[in-house]
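Me: I have a protein model open and would like to learn how to read the way its helices pack. Could you walk me through it?

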Amino acid sequence: MARVIHVFRQPDRFVAGTVGEPGDRTFYLQASEDVRTISVTIEKQQVEVLAERLGSLLEEVANRFGADVPETAPDELVDVDPLRVPVEEEFRVGTMGLGWDAESKAVVVELLAITEGEVDETVVLDDTEEGPDAVRVFLSPVAARAFAERADRVVNAGRKPCPLCGEPLDPAGHICPRQNGYRRETGLTEE
């Protein structure tokens, strides 16, 4: 079966978002251009890594190529709208690739579908006919910065951390290892 590569050269939108309640969220990356929208499922840790690596790539691009890279994205460019519905998973992300296209002065984000075996690194950011399906998005440096800022917000919008151990607090209760396994009561009242 031939490989499908969804290319977004001038996306109207590229965002990280979630569906579900904190503690039971599914993370998505969604790219839109004109009337076409593609959503891929991704792990929370992958979203964190992608945002972090985008920041590092932007710094390197500014240093090596002298590209105009903003320190932060203007608030009006950070997309705060929910994901477009219906959210239909195209595939689950396995491998991610980042690059810089000097010709278009754009960051290139490539998301490859998870596969059974090892992914040959040569298929990342390549148009070869063999390999996993992919989504390839071209972002201006300011759009990449805006994506990273939203991604950080989405990741950090989950459950509050326990003040003792840092693990996420569950609405049903939390057994804190710092309390020797005892459940921490949150609503104690004096009688």
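Reply: Happy to! Let's begin with who meets whom: Lys-44, Val-47, Glu-48, Leu-50, Ala-51, Leu-54, Gly-55 and Leu-58 in α1 are in contact with Pro-141, Ala-144, Arg-145, Phe-147, Ala-148, Ala-151, Asp-152 and Val-155 in α2. By type, the residues of this contact are eleven nonpolar, one polar and four charged. Keep in mind that this is a predicted model.

Me: How do I describe the geometry of two helices like these?

Reply: Two packed helices are described by the angle between their axes and the distance between the axes. Here, the axes of α1 and α2 come within 9 Å and cross at roughly 145°. The crossing of these two helices is left-handed.

Me: Where do α1 and α2 sit in the overall chain, and what pattern does the chain follow?

Reply: The protein chain has two helices and seven strands. Along the sequence, the order is β-β-β-β-α-β-β-β-α.

Me: What should I look for in the interior?

Reply: In soluble globular proteins, nonpolar side chains tend to be buried together. In this model, the largest nonpolar core has 34 residues, and Phe-14 and Leu-29 touch the most other members. Elements giving two or more residues to this core include β2 (13-19), β3 (26-33), α1 (44-65) and α2 (141-155). The largest share, seven residues, comes from α1.

Me: Which residues does Phe-14 touch, leaving out those up to four places away in sequence?

Reply: Phe-14 touches Leu-29, Gln-30, Ala-31, Val-109, Leu-111, Val-137, Leu-139 and Phe-147. Is Phe-14 buried or exposed? With a relative accessible area of 8%, Phe-14 is buried, because buried means under 20%.

Me: Phe-147 was in the helix contact too. How do I read two aromatic rings together?

Reply: Look at the distance between the ring centres and the angle between the ring planes. The count for this model comes to one aromatic pair. Phe-14 and Phe-147 form that pair, and they are stacked, at 4.7 Å centre to centre with 15° between the planes. Phe-14 lies in strand β2 and Phe-147 in helix α2, so the pair ties together parts that are 133 residues apart in sequence. Phe-147 is buried as well, with a relative accessible area of 3%.

Me: What about contacts between distant positions across the whole chain?

Reply: Take the contacts with a separation of 6 or more: residues 24 or more positions apart account for 60% of them. As for burial, 37% of the 191 residues in the protein chain are buried.

Key
Residues numbered from 1 in each chain as written. Predicted model: local features only at pLDDT ≥ 70, side-chain atom pairs only at ≥ 80, totals over all residues. Heavy atoms only, no water. Core = buried A, V, L, I, M, F, W, Y, C linked by side-chain atoms within 4.5 Å. Buried < 20%, exposed > 50% of the residue type's maximum accessible area, 1.4 Å probe, protein only. Helix = DSSP H or I, 4+ residues; strand = E, 2+ residues; numbered from the N terminus. Contact = heavy atoms within 4.5 Å. Axes fitted to C-alpha atoms, helices over the stretch in contact; angles between N-to-C directions. Left-handed = near helix turned anticlockwise from the far one by under 90°. Nonpolar A, V, L, I, M, F, W, Y, C, P; charged D, E, K, R; others polar. Phe/Tyr/Trp six-rings, centres within 6.5 Å; stacked < 30°, edge-to-face > 60°.
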